Amino acid sequence: MKLHRTLFATLSFFFLISPFLFLQSAHAIDNKNIVLLEPPHRDLNGVFLDDELTLSLLPTGRLGQLIFSPSAQPRTWLIDAALIEDVEAMALENIAAQNWLSELKYITAQDPVIALPYGHPDISLTTRLAPTELRYYFDVSKTRLQVALGREVSIKRTVKWGANSVKVPADTVRSYTLNRREIALMSTVVPPAELDTLRSKLAYLLAPGLNKERQLFFAHNANEALAIQRHKLRIVSGKYRLTSEKEKVPITLVNDFNVPLTVDLQLRPLNSRIQVSDIKGVTLDAKSKTQLSVPITVVASGTTAVLAQFVNSHSRPINDAVLLSLSISVISPTVAWFTTGAAILLFLAALTQSVRRIRRSRK
């Protein structure tokens with residue numbers, strides 16, 4: 001009797017929990033995720049750092065196995081668009097990359113695809129440092145992934161891809177923060193689309209899977225990449241000689257961006273020998289060098305200089321100031337009249353003295 005009761009209790013327990021076991025099993029199958037991401041293989045200027053990606057893309061490589069021998073359906077693909085862009089950058093001359101991209105488009109065509117944040121930065125760290133940038137990384141990854149795959153993909157901001165929390169050196173965090181702010185400042189003059197490549201790749205600085213040496217490399221590399229962008233909009237320094245009270249100094253302004261820009265030119269003389277005013281609303285054509293004539297009023301001769309700098313509409317500098325050296329050899333009208341008058345008086349005094357000597361000699 002006791003055996004029958006035990007058997008009955010066991011069967012009852014099985015039938016009670018079996019629906020939950022089935023649901024859990026189905027849930028696990030429905031959420032079979034295949035994660036496609038890699039540590040960055042290019043720097044922020046697009047230069048490849050190693051050849052490891054090619055080996056990984058082969059059918060026997062880590063990324064190749066995920067594509068050429070994937071898990072059975074149903075499955076969901078979690079993809080970082082930064083990886084796809086690295087593969088696309090080598091595809092023209094790399095058969096492994098071409099085959100991998102072709103197979104990726106084919107194998108994912110009927111499956112859900114979720115875009116991971118661009119560069120897959122550490123979520124907790126990025127949320128703490130720049131939550132708005134994390135949203136941007138998700139959005140830009142989705143946009144670029146849709147272009148690469150030629151289909152719609154989705155975003156799931158709570159998605160997990162197994163990334164561990166990353167410890168980033170203080171210098172790298174500082175570089176990330178400062179460069180992000182500088183890009184935001186440049187965006188007040190330069191259309192954000194022109195800076196999207198650099199802005200998105202700043203996520204590399206916060207990515208898991210990098211050793212300390214590579215983290216510090218990206219910190220330095222980010223500073224260099226920003227300097228390249230800043231140099232696209234610049235004032236050419238020069239030396240000038242002023243020989244009249246009113247002069248127009250030709251200053252060369254360069255815009256290497258792909259779009260026209262409108263900026264304000266701030267001019268600050270280093271002393272009071274000259275007078276010069278800022279110039280508002282200077283329009284520079286795309287990919288151009290423009291020569292601008294700047295009116296200058298001379299107050300006194302000597303040497304001086306002007307600090308010239310591009311600023312936005314709120315007078316905030318968007319690049320480094322350059323020095324315009326001025327050598328002034330001008331006699332103002334006031335000084336000229338004074339000098340002439342003094343010369344005449346000296347001449348009259350000398351003439352009077354000569355007349356007196358002649359009269360004395362006759363006596």
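# Briefing: strand pairing, salt bridges and backbone exceptions

Ile-79 has Ala-115 as its bridge partner in β3. The model is predicted, so local features need pLDDT of at least 70 and side-chain atom pairs count only at pLDDT 80 or more, while totals for chains, interfaces and linings use all residues. Residues are numbered from 1 along each chain as its sequence is written, and side-chain values use heavy atoms, with hydrogens and water left out.

**Overall make-up**

- The protein has eleven helices and twelve strands; helices (H or I, at least four residues) and strands (E, at least two) are DSSP runs, numbered from the N terminus.
- Of the 363 residues in the protein, 41% are buried. Buried means under 20% relative accessible area, exposed means over 50%, and partly exposed lies in between (1.4 Å probe, protein chains only).
- About 20,800 Å² of the protein is exposed, and carbon and sulfur atoms supply 58% of this area. Accessible areas come from the Shrake-Rupley method with a 1.4 Å probe, and for residues only the protein chains shown count as cover.
- Taking contacts between residues at least 6 apart in sequence, 73% join residues at least 24 apart; a contact means heavy atoms within 4.5 Å.

**Strand β3 and its partner**

- β2 and β3 run parallel and are joined by four bridges; two strands pair if DSSP finds at least two bridges between them.
- Both faces of β3 are covered, with Val-113 and Ala-115 buried on one side and Ile-114 and Leu-116 buried on the other. Ala-115 is thus one of the buried residues of β3 and also the bridge partner of Ile-79.

**Helix α9**

- Within α9 (residues 192-201), the residues Leu-195, Leu-198, Ser-200 and Lys-201 are buried.
- These buried residues of α9 pack against three helices, namely α7 (131-149), α8 (170-186) and α10 (212-231).
- An α-helix has 3.6 residues a turn, so residues three or four places apart point the same way.

**Asp-111 and its surroundings**

- Asp-111 sits in the loop between α5 (95-107) and β3, and its relative accessible area of 4% makes it buried.
- Leaving aside residues up to four places away in sequence, Asp-111 touches Gln-73, Arg-75, Trp-77 and Arg-151.
- With Arg-75, the side chain of Asp-111 forms a salt bridge of 2.6 Å, N to O. This pair links distant parts of the chain, 36 residues apart: Asp-111 in the loop between α5 and β3, and Arg-75 in the loop between α3 and β2.
- Arg-75 also counts as buried, at 8% relative accessibility.

**Other salt bridges**

- The structure holds eleven salt bridges, where a salt bridge is a side-chain nitrogen of Lys or Arg within 4 Å of a carboxyl oxygen of Asp or Glu. Side chains of opposite charge can pair when their charged atoms come close.
- The side chains of Glu-85 and Arg-144 form a salt bridge of 3.4 Å, N to O. Glu-85 lies in helix α4 (residues 81-90) and Arg-144 in helix α7, so the pair ties together parts that are 59 residues apart in sequence.
- Glu-85 is buried at 18% relative accessibility, and Arg-144 is buried with a relative accessible area of 18%.
- Asp-139 and Arg-157 form a salt bridge whose closest N and O atoms are 3.2 Å apart. The pair links distant parts of the chain, 18 residues apart, with Asp-139 in helix α7 and Arg-157 in the loop between α7 and α8.
- Arg-157 is partly exposed, with a relative accessible area of 42%, and Asp-139 is partly exposed at 37%.
- A network of salt bridges links Glu-182, Arg-230 and Asp-320.

**Backbone exceptions**

- Gln-73 and Pro-74 are joined by a cis peptide bond, with omega about 0 degrees. Pro-74 is located in the loop between α3 (62-68) and β2 (76-80).
- His-120, although not a glycine, has a positive phi of about 35 degrees. His-120 lies in the loop between β3 (113-116) and α6 (123-129) and is buried, with a relative accessible area of 3%.
- Lys-287 is not a glycine, yet has a positive phi of about 50 degrees. Lys-287 is placed in the loop between β9 (279-284) and β10 (288-298) and counts as exposed, at 56% relative accessibility.
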